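Hello,

Here is the structure I promised to pass on. Below it you will find my notes on its charged side chains.

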Amino acid sequence: MSVEVRIEPGRIARLLRARGSIAHRKMSQRTERVARIAEREAPGRMGDSITWKVVEGPRGLEGVIACDHHAVHYVLNGTRPHLIRPRYAKSLRFEVNGRVVYTQLVRHPGTKPNDFLGRALRLGR
């Protein structure tokens with residue numbers, strides 16, 4: 001009497017990637033940990049715009065962390081010095097040392113890049 005067992009790599013791979021599997025749970029834990037670090041590292045209220053999920057990519061499970069804040073590209077890449085002019089009013093209004101100031105032109109010095117997502121990834125390893 002003979003017994004034959006076949007191992008199907010495709011079926012095993014599907015079991016490993018299935019929702020609720022050990023691999024999926026570990027990937028979820030790691031992705032969530034990195035997302036929480038990114039929320040802390042993000043400037044201002046930008047951390048409130050961070051979301052995460054685990055998806056199946058071309059080479060297996062992937063953790064995806066996204067920030068959909070309108071200014072995230074300016075924060076990650078920085079900005080060059082530029083002029084700010086009013087668009088819908090005659091002047092700009094802001095406070096300097098407790099005094100209200102009106103002006104028609106501001107020379108913004110630019111900002112340095114703040115790669116808080118990359119930093120979170122390095123810290124979350």
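A salt bridge here means a side-chain nitrogen of Lys or Arg within 4 Å of a carboxyl oxygen of Asp or Glu. Please note that this is a predicted model, where local features need pLDDT of at least 70, side-chain atom pairs count only at pLDDT 80 or more, and totals for chains, interfaces and linings use all residues. Residues are numbered from 1 along each chain as its sequence is written, and side-chain values use heavy atoms, with hydrogens and water left out.

Searching the whole structure turned up four salt bridges. E32, R36 and E39 are joined in a network of them. Within that network, R36 and E39 pair at 2.7 Å, N to O. Both sit in helix α2 (residues 22-41), three residues apart, or about one turn of the helix; helices are DSSP runs of H or I, at least four residues, numbered from the N terminus.

How exposed are these two? E39 has a relative accessible area of 27% and R36 has 32%, so each is partly exposed, which lies between buried (under 20%) and exposed (over 50%), using a 1.4 Å probe and protein chains only.

E41 bridges to R119, with the closest N and O atoms 2.7 Å apart. This pair links distant parts of the chain, 78 residues apart: E41 is in helix α2 and R119 in helix α4 (residues 116-123). E41 is partly exposed at 29%, as is R119 at 28%.

Finally, D48 and R45 meet in a salt bridge at 3.1 Å, N to O. Here D48 is exposed at 56%, and R45 is exposed at 66%.

Best wishes

How values were computed:
Helices (H or I, at least four residues) and strands (E, at least two) are DSSP runs, numbered from the N terminus.
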